[in-house]
Amino acid sequence: MIKDRKEYQILIVDDNKGDRVLIEAYLEDTIILPKISEAESFFHAKKIIENNPNFFDVVLLDLSLPDLSGEGLIRSIAELLPETPIIILTGYPDVDFSRKSLKLGIADYQLKDELNPLALYKSIIYAIERKKVTNQLISSEKRYKDLFQLSPMPIWVYEKVTLKFLAVNKSAVETYGFNEGEFLSMKITDIRPVEELPALYQAIQNDLSKKGINLSGVFKHQKRNGEVMDVEVYANDIDFNGKSAKIVLINDITFKSKYIQAIETQNKKLKEIAWIQSHIVRAPLSRMMGLIELINVEEESNNLSDDLKQLIQFIRESAIELDEIVRDITIRTEQIKID
Amino acid sequence: MTNFDIVIIDDKEIDLMLISRVVMKFFHDYKPIEYLSGTKAINDIYNSPHLKQKLIVFLDINMPEFSGWDFLEFLLKTPTKRVVHVCIVTSSVNLSDKKLAEKYPFVFDFLEKPVSIEDMRQIIENQAIFN
């Protein structure tokens with residue numbers, strides 16, 4: 001038989017020396033280089049594990065040790081080595097307990113009497129590969145949880161029928177001031193000023209006909225301290241633990257809204273200034289220009305001295321210059337437009 | 001003699017005088033009728049027997065209490081037996097005012113102050129209402 005050339009770090013925890021020797025012999029039958037560590041008790045195993053964290057590929061565990069046994073033993077070892085597969089080797093067939101131990105995260109449950117080298121080898125290889133997949137699943141689940149929890153923007157999930165919060169992230173807790181427990185006992189109606197509720201119900205009604213990601217709209221939300229903020233709300237359908245729910249992302253636009261308001265006020269003032277330029281400043285100016293023209297066309301103007309004609313001409317030019325300035329200001333202010 | 005009366009409405013005496021003088025350059029023996037307020041003018045247009053059937057109105061826009069816009073609105077909503085043509089005369093160089101004036105069918109022109117003799121000549125030569 002071809003032996004496995006890979007190097008395996010194997011921890012055998014068994015108080016029976018005879019059994020340990022037998023297991024080692026089985027391992028050497030199928031694996032060229034089994035690196036075996038032995039422990040006679042839980043206490044001993046604990047010491048070895050603590051000195052070599054994340055070191056073992058697999059643990060072969062006897063269920064009854066002098067200092068710990070059964071479920072307590074399984075839990076304790078699994079806690080010390082959460083990412084390492086554990087195979088139970090026991091002398092006593094107990095179908096109920098074997099089933100239960102699998103629920104505790106045990107990779108396999110083998111009876112010592114029925115053990116042979118190949119069965120043990122298969123059990124180890126399967127356990128290692130299965131654990132890899134499980135670890136990947138756990139870490140991918142964690143990644144997604146992190147995406148939700150660590151998002152810099154508030155996100156929550158609420159149940160469509162009851163409007164109750166089902167999950168909230170850290171940013172939501174920080175932004176709104178309610179802790180997670182408080183959030184989960186509240187409805188989405190509880191974070192709005194009363195006068196905003198009709199708009200919310202309307203939005204929920206509109207959402208029924210929408211599918212996929214959509215901007216639900218701009219709303220007013222109220223923090224725990226009573227402060228009201230303007231928010232953009234994006235929502236999408238989600239099945240959350242079997243409940244029909246919405247996942248919602250909140251964008252605080254309070255600052256943006258205030259900024260726009262300030263610009264609008266400023267723009268209005270500018271328009272007023274433009275109006276004043278156009279109507280008030282230009283009125284007396286146009287009169288001056290009209291008067292100067294009349295002087296120039298009256299019969300008597302021919303009798304004026306050349307010197308006086310020159311002065312009138314200067315007044316005329318100055319008035320026209322001022323008129324051009326006023327027109328320029330009006331045109332510039334009229335060009336200010338926000339689309 | 002003309003078959004129409006020329007009416008000038010402006011809240012400033014100098015403006016009334018300036019427009020009057022320019023008008024009089026073209027109608028030598030004719031003195032336009034001047035009003036310092038739009039309400040007074042409205043009253044005469046609707047009630048006075050002394051005005052002719054056809055009126056050509058030079059109307060200022062920016063007046064206190066009853067503005068040129070108020071005058072135009074009143075004219076739009078209240079039928080009169082007289083035929084009224086309006087030329088807006090304003091110191092405003094604001095484009096939005098010009099646009100606003102276009103919605104009144106009886107407004108035939110929009111002049112910026114000062115109204116020059118050349119402006120008046122063009123109006124009189126080009127507008128059939130002066131015949």
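Visitor: Which residue is the bridge partner of Ile238(A) in E10(A)?
Guide: In this predicted model, Ile238(A) has Ala245(A) in E10(A) as its bridge partner. That pair belongs to the ladder between E9(A) and E10(A), two strands that run antiparallel and are joined by 10 bridges.

Visitor: And how many residues lie between E9(A) and E10(A) in the hairpin?
Guide: The hairpin of E9(A) and E10(A) has two residues between its strands, and Asn241(A) in the turn takes a positive phi of about 45 degrees.

Visitor: Which strand, besides E9(A), pairs with E10(A) in the antiparallel sense over five bridges?
Guide: Strand E6, residues 155-159 of chain A, pairs with strand E10, residues 243-252 of chain A, in the antiparallel sense, and the pairing runs over five bridges. Within this pairing, Ile155(A) has Leu249(A) of E10(A) as its bridge partner.

Visitor: What about E6(A) and E7(A), parallel or antiparallel?
Guide: E6(A) and strand E7, residues 165-168 of chain A, are antiparallel and share three bridges, and Trp156(A) stands opposite Val168(A) of E7(A) there. The two strands form a hairpin with five residues between them.

Visitor: Which residue in that hairpin takes a positive phi?
Guide: That is Leu163(A), which lies in the loop between E6 and E7 of chain A and has a positive phi of about 65 degrees although it is not a glycine. For context, most residues other than glycine have a negative phi, and most peptide bonds are trans.

Visitor: Where is there a cis peptide bond, then?
Guide: A cis peptide bond joins Lys113(B) and Pro114(B), with omega at about -5 degrees. Pro114(B) sits in the loop that links strand E5 (107-112) to helix H5 (117-126) of chain B.

Visitor: Since we're at E5(B), how does it pair with E4(B)?
Guide: Strand E4, residues 83-90 of chain B, pairs with E5(B) in the parallel sense over five bridges, and in that pairing Thr90(B) has Glu112(B) of E5(B) as its bridge partner.

Visitor: What's the strand order of the sheet in chain B?
Guide: The five strands of this open sheet in chain B come in the order E2-E1-E3-E4-E5, and the pairing is parallel. Strand E2 (33-35) and E5 of chain B stand at the edges with a single partner strand each, so one side of each is left without a neighbour in the sheet. Neighbouring strands of this sheet are turned by 20 degrees against each other on average, with direction ignored.

Visitor: And what's the strand order of the open sheet in chain A?
Guide: Chain A has an open sheet of five strands in the order E2-E1-E3-E4-E5, with parallel pairing. Its edge strands are strand E2 (31-39) and strand E5 (108-111) of chain A, each of which pairs on one side only, while the average turn between neighbouring strands, direction ignored, is 25 degrees. As one of its pairings, strand E1 (residues 4-13) and strand E3 (residues 58-62) of chain A are parallel over four bridges, and Ile12(A) has Leu60(A) in E3(A) as its bridge partner.

Visitor: Switching topic: how many residues does each chain give to the contact between them?
Guide: Chain B gives 20 residues and chain A gives 19 residues. The area buried between the two chains is about 1,800 Å², and carbon and sulfur atoms give 56% of that area.

Visitor: How many salt bridges are there across that interface?
Guide: The rule finds two salt bridges across the interface of chain B and chain A. One of the salt bridges in the model joins the side chains of Glu112(B) and Arg327(A), at 2.5 Å from N to O. Between the two chains there are also five residue pairs in polar contact, with both residues at pLDDT 80 or more.

Visitor: Which elements of chain B give two or more residues to the side that touches chain A?
Guide: Those are helix H1 (13-24) and helix H4 (95-101) of chain B, and H1(B) gives the most, with five residues. By type, the residues on this side of chain B divide into seven nonpolar, six polar and seven charged.

Visitor: How many salt bridges over all chains?
Guide: A search of the whole structure finds 29 salt bridges over all chains. Among them is the pair of Lys220(A) and Asp230(A), whose side chains meet at 2.7 Å, N to O. Lys220(A) lies in strand E8 (residues 214-222) and Asp230(A) in strand E9 (residues 228-240) of chain A, so this pair ties together parts that are 10 residues apart in sequence.

Note on methods:
Residues numbered from 1 in each chain as written. Chains lettered and ligands numbered in written order. Predicted model: local features only at pLDDT ≥ 70, side-chain atom pairs only at ≥ 80, totals over all residues. Heavy atoms only, no water. Pairing = 2+ DSSP bridges. Axes fitted to C-alpha atoms, helices over the stretch in contact; angles between N-to-C directions. Contact = heavy atoms within 4.5 Å. Buried area = accessible area lost by both parts, 1.4 Å probe. Salt bridge = Lys/Arg side-chain N within 4 Å of Asp/Glu carboxyl O. Polar contact = N/O pair within 3.5 Å; in protein donor to acceptor, adjacent residues only side chain to side chain. Nonpolar A, V, L, I, M, F, W, Y, C, P; charged D, E, K, R; others polar.
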